[in-house]
Amino acid sequence: MKSAERKLLEKAKRGDMDAFAELFEPLRPIITAVAYRIVGANEAEDVTMETFLRAWQAIPRFRATSSLRTWTCRIARNCCLDMLRKSKHRGNLVTASENGPDWDSVADQKADHPSSHIIKSETAEAVRGALAQLPEEHRQVMLLKYSDNLSYAEIAAATGAAIGTVMSRLYYGRRKMHTLLKEAGI
Amino acid sequence: MMTEKQNRDEELISQSVQTPAMRDGDGFWADFKAHASLRSQDASVRTGPSAFSLWASGLATAAAVLVAGFFILSASSVSATQLRFIDVKSEHSAVMILTSDPEAGTVVWIEGLNADDPNGGSS
């Protein structure tokens, strides 16, 4: 951790919300991505907010035994699980896994979007089709890794799987993707 | 060759799948502050005893109990122990045991100690 971040961390631990916001703003994309991949588009924003609120409460106990990113990913996972439990209880569970990735609605949101390089073509359709055919746990780690750029440790924290399991899921996911894309002539 | 294909597949994924859209930072953190002000932060464990110090004090207590137990057991197991009293007719203010060998001991008693005397009184 850089010295500037360490200073922000100490301030955040003492209750400085501005320091907290400055420290955690760079983590917002990955936390949003984790929430989006696990609970789906509808609940992702609420889960992201809840994640940072819990991080705010727990930050005085953060001891830097893991990176701040990994620590926050773990909180995000817990928030996702709580959200899924609540939704299940209410009987309106629509998760990313059940609903399928919400490709179209996300693709429409072009404004201030980081990935404006997105390709809209038959190739992209085929890739999304192949991803949709992967088992949920494989698709999740593939997207977190190759679309959202999370590290193995962060994916492990976000999914609750061991790092070895993450690597294995990526391996099988990649292999399956390769076969599917080959079949599609890509 | 396989790595090249894998890299291409990974690149295709990143190009074909949108990362989720996000709210603007200012709006998000303004909302965050409004909600966070209603929640209190956890107490810092740094102000209380650390897990290590709790563990160490527990260990020290257990060790002290063990040592005391052994001492009591060893003292009570000597059945031939005798207490001897020696009366020393001397006015004194304090007594100190300097040595306590198995065969003999040295006891010092101090006479005429006067705490008010800056020189410590006479002995």
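**An all-helical chain and its partner in a predicted complex**

Helix H10 (residues 152-159) of chain A is mostly covered, with six of its eight residues buried; helices here are DSSP runs of H or I with at least four residues, strands are runs of E with at least two, and both are numbered from the N terminus. A residue is called buried if 20 or more other C-beta atoms lie within 10 Å of its own, exposed if 12 or fewer do, and partly exposed in between, the C-beta atoms being placed from the backbone. The buried members of H10(A) are A:Glu154, A:Ile155, A:Ala156, A:Ala157, A:Ala158 and A:Thr159. Just after H10(A) comes A:Gly160, with a positive phi near 80°.

The model is predicted, and local features need a pLDDT of at least 70, side-chain atom pairs count only at pLDDT 80 or more, and totals for chains, interfaces and linings use all residues. Residues are numbered from 1 along each chain as its sequence is written, while chains are lettered from A and ligands numbered from 1 in the order in which they are written.

It helps to begin with confidence. The model scores ipTM 0.77 and pTM 0.64. The average pLDDT (the predictor's confidence in each residue, from 0 to 100) is 85 in chain A, where 83% of the residues score at least 70. Among the elements of chain A, H2(A) has the highest mean pLDDT, 96, and H7(A) the lowest, 41. The pLDDT is below 50 over residues 103-114 of chain A, a stretch that has 12 contacts in the model beyond near neighbours in sequence. Where pLDDT is low, the predicted coordinates should not be read in detail. For chain B the average is 72, and 60% of the residues score at least 70. Within chain B, helix H2 (residues 25-36) has the highest mean pLDDT of the elements, 95, and helix H3 (residues 51-76) the lowest, 65.

Turning to the fold, chain A has 11 helices and zero strands. Buried residues make up 37% of its 186 residues. Two residues are in contact if their C-beta atoms, placed from the backbone, lie within 7 Å. Among the contacts in chain A between residues at least 6 apart in sequence, 67% join residues at least 24 apart.

The largest nonpolar core is a set of buried Ala, Val, Leu, Ile, Met, Phe, Trp, Tyr and Cys residues joined through C-beta atoms within 7 Å. Of its 50 residues, A:Val34, A:Ala35, A:Val47, A:Ala76, A:Cys80, A:Leu144 and A:Ala158 touch the most other members. H3(A) gives the largest share of this core, eight residues. Leaving aside residues up to four places away in sequence, A:Cys80 touches A:Ala35, A:Ile38, A:Val39 and A:Val47.

Closer to the start of chain A, A:Lys11 belongs to helix H1 (residues 3-13). A:Lys11 counts as partly exposed because it has 16 C-beta neighbours inside 10 Å. Beyond residues up to four places away in sequence, A:Lys11 touches A:Asp16 and A:Ala19. The C-alpha atoms of A:Lys11 and A:Leu23 are separated by 9.9 Å, with the two residues 12 apart along the chain.

What, then, is the make-up of chain B? The secondary structure of chain B comes to three helices and two strands, in the order α-α-α-β-β along the sequence. Buried residues make up 10% of its 123 residues. Of the contacts in chain B with a separation of 6 or more, 0% are between residues 24 or more positions apart. Strands E1 (residues 94-100) and E2 (residues 105-110) of chain B pair in the antiparallel sense over six bridges, where pairing requires that DSSP finds at least two bridges between the strands. E1(B) and E2(B) form a hairpin with four residues between them, and B:Thr99 stands opposite B:Thr106 in E2(B). The number of buried residues among the seven of E1(B) is zero, so this strand lies largely in the open.

At the interface, 44 residues of chain A are in contact with 30 residues of chain B. The largest share of the chain A side, nine residues, comes from H4(A). The residues of that side divide into 26 nonpolar, 10 polar and eight charged; Ala, Val, Leu, Ile, Met, Phe, Trp, Tyr, Cys and Pro count as nonpolar, Asp, Glu, Lys and Arg as charged, and the others, Gly among them, as polar. In H4(A), the buried residues include A:Glu43, A:Val47, A:Phe52 and A:Trp56.
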